[in-house]
Amino acid sequence: MFVTMMMTDQMLDLSLPLSNEVPMMHHMINGDAPQQVILVQVNPGETFTIRTEDGALQCIQGPAEVPMMSPNGSIPPIHVPPGYVSQVLEDNTGVRRVVVTPHSECYPPSYSPALSPNHHIHPPYLTHPHFIPASHTSYYPPVSPGDVPPHQFYQHRLPPIYPEEIIPLYNVSTFMGHEEYCKPPPKKLKQPVERTSLSQVTSPLSNSYKNTTACTTTANGYGKSHSSPGGGGGSPGNKRPDRRARGSPKHSDTEPQDHDVDTRRVQAVPSGMDKPQVSNVQSRSALVSWTSGSSGRVPSCSYELQLTDKGRDGKYKVVYSGEELQYTLTDLRPATDYHIRVSTVCNSLKGPSSDVRAFTTHSAPPDTPLPPRLSHRTKSSLTLQWKPPADNGSKITNYVLEWDEGKKNSIFREYYVGHQRHCKVMRLCPAVGYTFRVAALNDIGTSGFSAEVIFNTTGSLPQTSLPPRLVQTGPSWVTLEWTRPNSSAEEVVTYTLEMQDETKGLDFQVVYSGLELNRKVESLRRNTQYKFRLITCSGEWRSAPSSLLVCKTTPDRPGPPVNPAVNTVTYHSFCVTWEPPLDDGGSGDLTYVLEISEGNSEERQWATVYRGPERKHLCEDRKPATSYSLRLSCVNVGGQSQCSDDLTVRTHIPPPGRCQPPSIVGNVKHKEMTLQWDGPLCSEEGENAEFSLEMCAMEEGSEPTEVYCGSKAECTVGNLLPGTTYRFQVRASNSAGFGSYSESVEISTAAGPPGQCSPPAINVTSHTCADVTWENKESSGIDISEYRLDWGRDLESLELVYSGTETYFQISNLEASTDYCCRLQAVNQAGAGPYSDLVTCRTPAAAPDVVSGFRLVDHPLNPTESEPFSHSTCLALTWDEPHCNGAEITSYSISMGDSIITAGNVTCHIIRDLLPDSEYSLQIRAENEMGPGPFSQTLTVRTRPLPPSPPRLECAAVGPQSLKLRWGFSSRSQLTDDTTYVLQMEDKNQRFVVVYRGPSHTFKLQRLSESRRYRFRIQAVSEAGEGPFSETYTFCTTKSLPQTLKAPRVVQLEGNACEVTWESIPPMRGDRISYVLQVLGGRDSDYKQMYKGDETSFQLSGLQWNTDYRVRVFACRRCADTLQELCGSFSPSAHFNLRRSDATLAVEADVTRVPMGNTLTDEQFAGLMVFGVASLSVLMAFLLQLLI
C-alpha cells in the first residue's frame, strides 16, 4: 500500500463520479487555505482500515484509491500488522513514499529507512464516509478542470504500480505506501480500460528506481511482464500533466533498459553526507556549507539542499541543487526554527540525506501591517482598526497611526502611539477626506508604514464659495465683502478669509474667521499687491477655497524732503539742494516743489520758483544783502507732503571801498605805537565792515604781516624793535570780501633798552667748577652798560652771580651730579633788556661722600639661620648711606687694622671669626664707579667674652611622681652671680619646652608619671650671651609604694584564737598587691611575721590567755616587669587581750574596738592533730607495704 501526498491551492478537479460513487462532504473540500490531499492506494488482496469521525472502523478491500485530506500537511500515522515495518522512501525527485513491508524483507537502497513505526490513521485526517467495492473494469480518464463540481469525487482502481517504474503525479510532494514489496503474485486481474490522456498527466521517474532491490520477482502483486501503459500513481486532478518531477531526467516511458546497466547504477549509488554547517545567521538569511562524505569529489556529482520549517519530520523542499559546497539561504522568516539536510546526486542517483541540522533565525522588526480599516464614522470623527502583522519573534509594543490632517500635501503627522489596535480620530470636518497609514514597533525596530488609505467623514457636499469682492482700498487697508451661499437661513455659516503675501511666502494666512459678510483687513503695506480667497463652512460641510481676488493698496503721501541746504551764494544768486524724503509713500515717482519768500516778516507771501523731479535749483536775479526764506515739499499720486522747515539765506553785499592811510595817535614809544584811520568813502548802511592792518619792516626781504583785524578803526601795535622804521597800510572787508589797500605810511619807533641776549654757553670743567661765556649784544641805539648773569639749581632759586661788562665768568663750589641753570640780561641807559632763554647743565658724578652714622648694634639687622651670631666672635655694624654724588654706590670698604673687609651695597654687615673679649678700631668708606670716597671717623668696639658652658645635670632625688634635679659649675668657664640657667624637658611631641629659668642650681619637677623616662637638657645664659645646650640627660621616676593601711580589726574566735582583717588595695598598674601581718605579744620586743599573702584576713591560734598582743599590717607591690617587691609603711598597730569570757573581747586600736569571733578550742585542735598524725602513719605503712 502506498500513501501519496500532494499540496493544492484549490480543490482537485475530479472527473464525473461513477454510478456507485457518492459526493465528498462539503466541509472536507470547502477550505480557503491550501490543503494537502493524501491518496491511499489499496492493492488487490489488501484491506485498508480507517477510523471515521464518529469513531467507527471501516475496512476497504483493494484494489481501491481512497482520497484523504490533511489540514496541517503531515503524514498520518499508520497501524502496521505484526511482523511489518513502515519505511519512508524518497527518490531523487523529492517524492516520499511510506512503504509497509515485512520485517525480514529488504527495500531499495536508494531510500532511507522509516522515520517512525506509527500506527493507524486517525483524525484530523478526514476520509470519505462511504466506500465502494473494488472494481477491476471501470477506469475513466481525468477531465479538464471545471467539468466536475468541486464537491464531487470518484473512486476507481488504479493501474498496478511496479517497483521498476514509479510515475509521480503533478505537485506530488510525498508518496506513502501501505503494501508489501515481495509478496506472492495475486491472480491475474482484468486489464483496465485504456486511458488516452495518460501520457499527458504522468511523467516518468528516473531510471534509478528500476531494479533497485534484491527482490525483483514481484512488486505489488505483479511481475515485470504485467506493466501497464498507465504506470500507476496518476491522479485525475493534475493541473499541469506535462511537468516532470524536479531533477529527474526526461526520457520515454517505453525506453528499453538493460539489466547489466541497472546493476551498475545500483552499485554507483552515492554515499551519505556529513551534517551541514550553518553560519552568519541573520533574521532573513543564513549561510549553509557542507562537505562531501567521500574522500574525493566526483565531478559528475551535485548536491541538493533541502529545507523545512515544519519540524524535523516535516515536509522538506529543495532550495538548492548544484555543485557548490555552500549556499546562502534568503527570504527566510525571522524567529523561525528551520531544519536542513543535504544529499548527493551522482549519475541521476540520489544518495541518502545527511543528518538534519537545526537553526533559528534572529528576530526582526514587525512586518508591514495592512492598511487600517474604517469601522465607524461620523461628521466629526473616524474610528479605525487594524490587524497586527507578524511580530517576527519580538512582541509588538506599540502602533503608530499617522494622518495628513486632511491637507492632501503628503505630509504626515503622528496622531496615535500605543498598543491598542483601534483609534478614534475626533474633531474632524464634515465631508472631508483624510489619509491614514499605520506602522508597528517592537524591541528590534519599526516596521514600514502600511499603504495609505483615505476615509471621508459624513456630511453634505460642500458648496463652492464665491470669491470676495473689493469694496475700498487704502494705503494700509482694504475692505472686502462676500455673498452668503445658497443654504437654509437657519444654518450657521462661518467664513474664513485667507490672504497671501508674496513677500512672506506662498502660504495663505487666515486674516478673518467669523459670521460677518465683510471685513476690513488692516496693517498692510502700501502700494503692495495681495491675494485673497474665501472658504465657507457650516456644521456639516466645508467648501473648497474660492478663486483668488488680487488687489493692491494705494500709495501714501510722501514725507517732506530732508537736508535742504544753500551753497554758492553770491550778490544776486544762490543754489538750493535737498535729499529725497525718508518716506516716499510707496511710490518712487516724486515731484519736488520749491517756494521762496522775501524778508523775515510773519506775513509772508510764498512764490513757487521750481517744480520738477530734480533735487537742485539755482535761484538767480536776487537782491544783494537781502534775506530770503525757502521751503520744500514733494508730490506723488497719493498727494502732497508737508512742507519742510524754513531755510533762511541772505545774499552777499559788495566788497568795501579804499580806506584812508593810517596816522599816528600820541607819541611813538620804543616798542609800540597807536594808529588810526578812516573807513571807505562809500559803504552800505548797516554794513559791519572789518579792517585789516598790515605791517612790514624796511629791511630787505621782509614779508608784510597782518598785525590787526577788527571792526574798530584804531589799534595799538606792540612788540616792536626800538629805533626801527616800519611801513603800515590798511584795508576794509565785509561779507563780500576785502577792498583794496590804502596808501602805505612809514613810521619809526623811539630808542629803548637792549633786546634779548643770546643764550650763554656753559663749559663744565669739573664736578665743582663751570665756565660761562656769551656774545656782545648790539645796543638799540645806545651802548650797553653791563651784563647780569643769574645762576641756580632751578628757576625759583636763580641768584645774581655776576654783573659787569665782561662776556666771561667762572663759577666754582658746585656739587657733583647736580642740575644747574642760568640766564643773561643786558642793561643800557634806557633800561634793562629781557632775559635770555634759560640754559641748563649738569655737573659730572664723583666719588661718594663720607659715611656717617657708623655704629655697633647688639643684634644683626638681617640675621641668617645658616650662620649663627655670637657676640663673643661677631660684630654687627650698621651705617647711614652717604650721598652717592651721581653714581650708584657699588660697595663699602671696612678698615680693621691692616685688613680691608668689603661689603656690598648694604647698610649693615657682620664681622665674624673675631677673638672674644678683644678691642678693634674700624673705619668705613663708600665706593662707586668714580672711585672710593673718604674714610669715616674711627669706631672703637670690643667683643664680649665667651658665653658659659652648660653645667652637668644630676638627679638628686627620685620619686614616683617627682624628680629633683641639680647642676653645678662648669670647669671650662667662670660663672658669675648673674648667670641664668634654662632647663628644658622633652614633651610628648618630642619638642623641648622650658620648665625652669633662673639662677638656682636645683629644681624639683612635680606631677610626673611613675616609672616613666624623661629627657632633659640645660643651658647657661650670662652677659656674654646664651651658651650651648648640654647633652640630653634621661631620668626615670620610680614606682609608687602601696598606701599605708588602716589599723587591722581583730575578732576573737572560739578558744584561744582570733581573726585579723584589714582593708584591701586594688592592683597598681597591673601589679599584684600582697599583705604582710606582724604580731607582737607578751614579752617579745620585736614583731614577728605571721602571714604573707593576697588575702585580707588571717586567723591567729594558740594565743595565751590574758596576754596583750599588738598586730600591724603593710602592703607589698609585686612588680611584674622587674620582679621587685615594693613594701609600704606599717599600718597603725591594733592592741587586743585574749580573755576567758564568752561575751566580747575588747580590742584597743587607737580608738577602735573590734568584736571577737569563735575559734577552735584546745581539745579540738589536739584532736585534729591526732587525726592528722594517724592518717599520715597509715599512709606511710601502706606505701612501705607496696615497696616490700
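User: Why is Asp556 called partly exposed?
Analyst: Buried means under 20% relative accessible area, exposed means over 50%, and partly exposed is what falls in between (1.4 Å probe, protein chains only). Asp556 has a relative accessible area of 30%. That value sits between the two cut-offs, so Asp556 is partly exposed.

User: What kind of model is this, and how are residues and side chains counted?
Analyst: This is a predicted model, with residues numbered from 1 along each chain as its sequence is written. Local features need pLDDT of at least 70 and side-chain atom pairs pLDDT 80 or more, totals for chains, interfaces and linings use all residues, and side-chain values use heavy atoms, without hydrogens or water.

User: How confident is the prediction, by pLDDT, for the protein chain?
Analyst: pLDDT is the predictor's confidence in each residue, from 0 to 100. The chain averages 77, and 73% of the residues score at least 70. Residues 104-269 have a pLDDT below 50, yet this stretch has 397 contacts in the model beyond near neighbours in sequence. A contact means heavy atoms within 4.5 Å. Residues 1143-1158 also stay under 50, with 45 contacts beyond four places in sequence. Where pLDDT is low, the predicted coordinates should not be read in detail.

User: Where is confidence lowest and where is it highest?
Analyst: Helix 2 (residues 198-201) is lowest, at a mean of 31, and strand 20 (residues 396-403) is highest, at 95. Both are DSSP runs numbered from the N terminus: helices are H or I with at least four residues, strands are E with at least two. The chain has four helices and 80 strands.

User: What makes Arg526 and Asp556 a salt bridge?
Analyst: The term needs a side-chain nitrogen of Lys or Arg within 4 Å of a carboxyl oxygen of Asp or Glu. Arg526 and Asp556 meet at 3.8 Å, N to O. That is within the limit, so the pair qualifies. Arg526 is in the loop between strand 29 (518-521) and strand 30 (529-537), and Asp556 in the loop between strand 31 (549-552) and strand 32 (562-567), 30 residues apart. Arg526, at 27% relative accessible area, is partly exposed.

User: How do you know that Arg284 forms a salt bridge with Asp367?
Analyst: The closest N and O atoms are 3.1 Å apart, so the definition is met. This pair links distant parts of the chain, 83 residues apart. Arg284 has 37% relative accessible area and is partly exposed. Asp367, at 27%, is also partly exposed. The structure holds 38 salt bridges.

User: Why does the pair Glu1010 and Arg1117 tie together distant parts in sequence?
Analyst: The closest N and O atoms of Glu1010 and Arg1117 are 3.2 Å apart, in a salt bridge. Glu1010 lies in the loop between strand 68 (1002-1005) and strand 69 (1013-1022), and Arg1117 in strand 77 (residues 1108-1118), so the pair ties together parts 107 residues apart in sequence. Both belong to a network of salt bridges that includes Lys1039, Arg1069, Asp1071 and Asp1121.

User: Is Glu1010 buried or exposed?
Analyst: Glu1010 is buried, because its 11% is under the cut-off. Arg1117 is buried too, at 1%. Over the chain, buried residues make up 43% of the 1188 residues.

User: Which residues have the most contacts inside the largest nonpolar core?
Analyst: Trp1062, Tyr1075 and Val1111 do, in a core of 21 residues. Strand 73 (1058-1061), strand 74 (1072-1081), strand 77 and strand 79 (1134-1137) each supply at least two residues of this core. A nonpolar core is a set of buried Ala, Val, Leu, Ile, Met, Phe, Trp, Tyr and Cys residues joined through side-chain atoms within 4.5 Å. Beyond four places in sequence, Val1111 has contacts that include Val1060, Leu1077 and Phe1136.

User: What is remarked about the phi of Asn813?
Analyst: Its phi is positive, about 55°, although Asn813 is not a glycine. Most residues other than glycine have a negative phi. Asn813 lies in the loop between strand 52 (808-811) and strand 53 (819-828). At 73% relative accessibility it is over the upper cut-off, so Asn813 counts as exposed. Ala625 also has a positive phi of about 55°, but Ala625 is partly exposed, at 25%.
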